[in-house]
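User: I'd like to go through this protein and hear the reasoning behind the labels. Can you put up the structure so we can talk it over?

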Amino acid sequence: MDQDEKLDNGIRQQARELFGSAGGKARAGVRQAHGFISGRPRHEQVFLVGLLSFAALVAALVVYLIILIPLTPGIDDLKQVSSARPTVILSTDGKELGTFEQGLQERVKLSQVSPHVVKALISTEDHRFYDHHGVDFTRIAGALLASLKGDAQGGSTITQQLARNMFPEEIGRARSINRKLKELITAIKIENTYSKTEILEAYLNTVPFLYNARGIEMAARTYFDKPAAKLDVLEAATLVGMLKGTYYYNPVTNPERSLARRNVVLGQMYKHGAFNEARYKALARRPIRLDFERQAERSGRDNHFTAHVRKWLLEWADENDYDLALDGLIVTTTLDAGLQEAALRAVEKQAGALQAVADVEWANPGLPGSTSIGTYTSMRSSIAPFDYYWATHRAQLDAFVRETPDYRKAVEGGEAPAAALKRIKADRDFMRKLRESKARLEAGFVAIDPASGEVKAWVGSRDFARDQFDHVSQAMRQPGSTFKPFVYGAALESGLSPEQAYVDAVMDIRAADGTVWRPTDMSGTSGRQMTMRDGLVFSKNTITAQVMRDVGLPPVVKLAQNLGIRQSKLSAVPSLALGTSPVTLLEMVSSYATIAAQGEYRKPVFVRRITDREGNVIADFASNRPERAMSQASSVTLIDMLRGVVNRGTGTGVRYRFGINGDVAGKTGTTQNNADGWFILMHPNLVAGAWVGFNDNRMTMRSSYWGQGGHNALLLVGDFFRTALDAGKIDRAALFPGGRAPAPVRAAPEAPQEEFIEPEDMIEGIPADEPQPQPQVEEPEEDEAEEVIEAPMEGVPAQPVSTQLE
């Protein structure tokens, strides 16, 4: 007889002793009972029948318990918890992207846990913990009685809760008698296998506390930034209070509920002798003081996309009562592994090349003045990056030092500000790392299927290990001229024709508050008539401002929000037309995807479906019902206008540099002082966009040429689209309504000796680094560095610097 069978037999014996042996004597008992009852008065008969019925029910329950015993986890299961399996995140084509292993769990001995935690737990959850053998029948009876009176209460012991935590699949989640009986039997097995100390230790190490923190040690670090051994009584009561409902009593999102629950725990501790009444009242008056910081994942394979998915999944799992570390769910995302690889390569290659441009241009007083990236990459090894910048921006460098945690900590500790600044600046290693972090060019890239809203590629920075700040969904930057299609779209919706003529001249635009705004273009004005279409194609600020004046701000704001700007707050000021209100790259690309989908908005989707370990679908997000955001006719016209941007305007580089011959449309964008470069390209099958800039927007590209989105962000998008087309990921022959395939354009070859060399030759009579000449207006190329000229910059904060000094 093995150990499990002995244990099962022992439990059966306990059941017999508890409920009595009613099996073999049942028939004789029935005959005796009938004779005994038949001669009794009516009211006694009713009472006795009820009593016998109850006894029969108890007997049936005992039989059912005996049947369930072999069906519940055995000793081997208790020791190994073999059912545990982490949730897996997959790309849409089945490639594993990450897992939810129990990486955020650190087991500790009970001696390494604050005694306040143990006292709070036992007082609140199971004050007779040391007196029962897994099941507290006295408490169960009390809970049943209270529930009958309308005050629903639970009767589970700590051991029963541990059984649920260890075996969620075997015991189940349904509120049923069957589950409670399985839980009861498993609890008795646990008590017969482990000591009370081991049970408490196992419970505290496995209980979930949200934010992927499992166990008391990780909970203490997450919510209070300290080990479990150092938790004080208030902190212990707060964490124990969460156990009744971690999501409902989350002190981060629901501080008032958490405070009330914490005080209930303190009351239970007082009731069971942890402290006196005066101490209880004093503690109950104190607020909750968190030191919250979500613990870093330990997967090692994460990128910005999987990090975004993880954050969403943790909330979904908490709300739907799933354990991502144990339940073995399969999460199929929308990410295409091939497109993601193309995006990663494009960002690494082109953003790295642009870093060389920034390093060289800021290294010396004079500018190389080249339009070939190869020139800069060849010079990179012979210069001191940003040397000239730091020599001419000493005050800014001092400001950067004053913003570091090291400086703030020194001043808060009593050191004189001037002395702290001098001491820190004398630390060469610290200053080197600070300069490097500030001078690092960053980028973001995202691609969306306009027909479904599914995200197909997502790159949040040049290196996730170095910079976890996500430039796709977190960074809010001014979009510059990429915002202009919303102005022209609102004009089309209002009935204006794309051939509506405006004068290319500086004009006063009077705002609602009476202030006057006079937007200009660095390339100057011609004073000639220009159509609204050409105003968008050549990104003319003067024309855009007049269109916005005729349409009005409210329709522009409303259309932008309908198309996809649904989280960022748009400032309703005239300069909004030129892209001065910060937004995220995800919002912008989603908006262009709406235009590409002929005016149908679909919320960006990054998880397609979730299945359990047996393959059963438990959540499906594939059906993404569209909302009509813009009329089909206006969106088709706007697409045609944006075709002109890549055929003869500021985005022609995507054709002559990368040979993109399909039916595509898009827009470039640059903000004041070259702080942000944008480019978004639409194809019937895919919409992709990129942002290039520095984390701190006080750092900028030096030259107006390389500071333009048409010369920096465009490189990332063009590189990506070329790979996607070559790999057959998108259809070369796909057309937008009214579209036709353009004449083939020969892509300029790269010089073999320089990986990033750009062409200097002429292609079909077009300078390799310039768009085609504009009709009617003599303007060699847009210089978008002044797209937000005279736009108010107050209230636009510098982006947080996420790169940590190592």
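User: What area does the protein chain expose, and how much of it do carbon and sulfur atoms supply?

Analyst: Bear in mind that this is a predicted model. The protein chain exposes about 35,500 Å², and 52% of that comes from carbon and sulfur atoms. Of its 806 residues, 53% count as buried.

User: Why is Tyr601 called buried or exposed?

Analyst: Buried is the word here: the relative accessibility of Tyr601 is 6%, and the label applies under 20%, so Tyr601 qualifies. This tyrosine is found in strand E10, residues 600-601.

User: Which residues does Tyr601 touch, leaving out those up to four places away in sequence?

Analyst: Among them are Asn562, Leu563, Gly564 and Arg566, plus Arg625, Pro626 and Glu627. Each counts as a contact because heavy atoms come within 4.5 Å. As for Ser452, 149 residues apart from Tyr601 along the chain, the two C-alpha atoms are separated by 9.4 Å.

User: What makes E2 and E12 the edge strands?

Analyst: Look at the open sheet, where five strands run in the order E2-E1-E3-E11-E12 with mixed pairing. Strand E2 (96-99) and strand E12 (617-620) each pair on one side only, and that makes them the edges. From one strand to the next, the twist averages 20°.

User: How do you know that E1 and E2 pair?

Analyst: Two strands count as paired with at least two bridges between them. Strand E1 (residues 88-90) and E2 have three bridges, in the antiparallel sense, so they pass. Ile89, for instance, has Gly98 in E2 as its bridge partner. Helix H15 (residues 304-320) packs on this sheet and touches E1, E2, E3, E11 and E12; its direction makes about 50° with that of E11.

User: Why is strand E14 described as largely enclosed by the rest of the structure?

Analyst: Six of the six residues of E14 (residues 665-670) are buried, so the description fits. In a regular strand, side chains alternate between the two faces of the sheet. Both faces of E14 are covered: Ala665, Lys667 and Gly669 are buried on one side, and Gly666, Thr668 and Thr670 on the other.

User: What does E14 form with E15?

Analyst: The two form a hairpin, with five residues between them. Their pairing is antiparallel, over six bridges, and Thr670 has Gly677 in E15 as its bridge partner. In the turn, Asn673 has a positive phi of about 65°.

Terms used: Residues numbered from 1 in each chain as written. Predicted model: local features only at pLDDT ≥ 70, side-chain atom pairs only at ≥ 80, totals over all residues. Heavy atoms only, no water. Buried < 20%, exposed > 50% of the residue type's maximum accessible area, 1.4 Å probe, protein only. Areas by Shrake-Rupley, 256 points an atom, 1.4 Å probe, with all protein chains shown as cover. Helix = DSSP H or I, 4+ residues; strand = E, 2+ residues; numbered from the N terminus. Axes fitted to C-alpha atoms, helices over the stretch in contact; angles between N-to-C directions.
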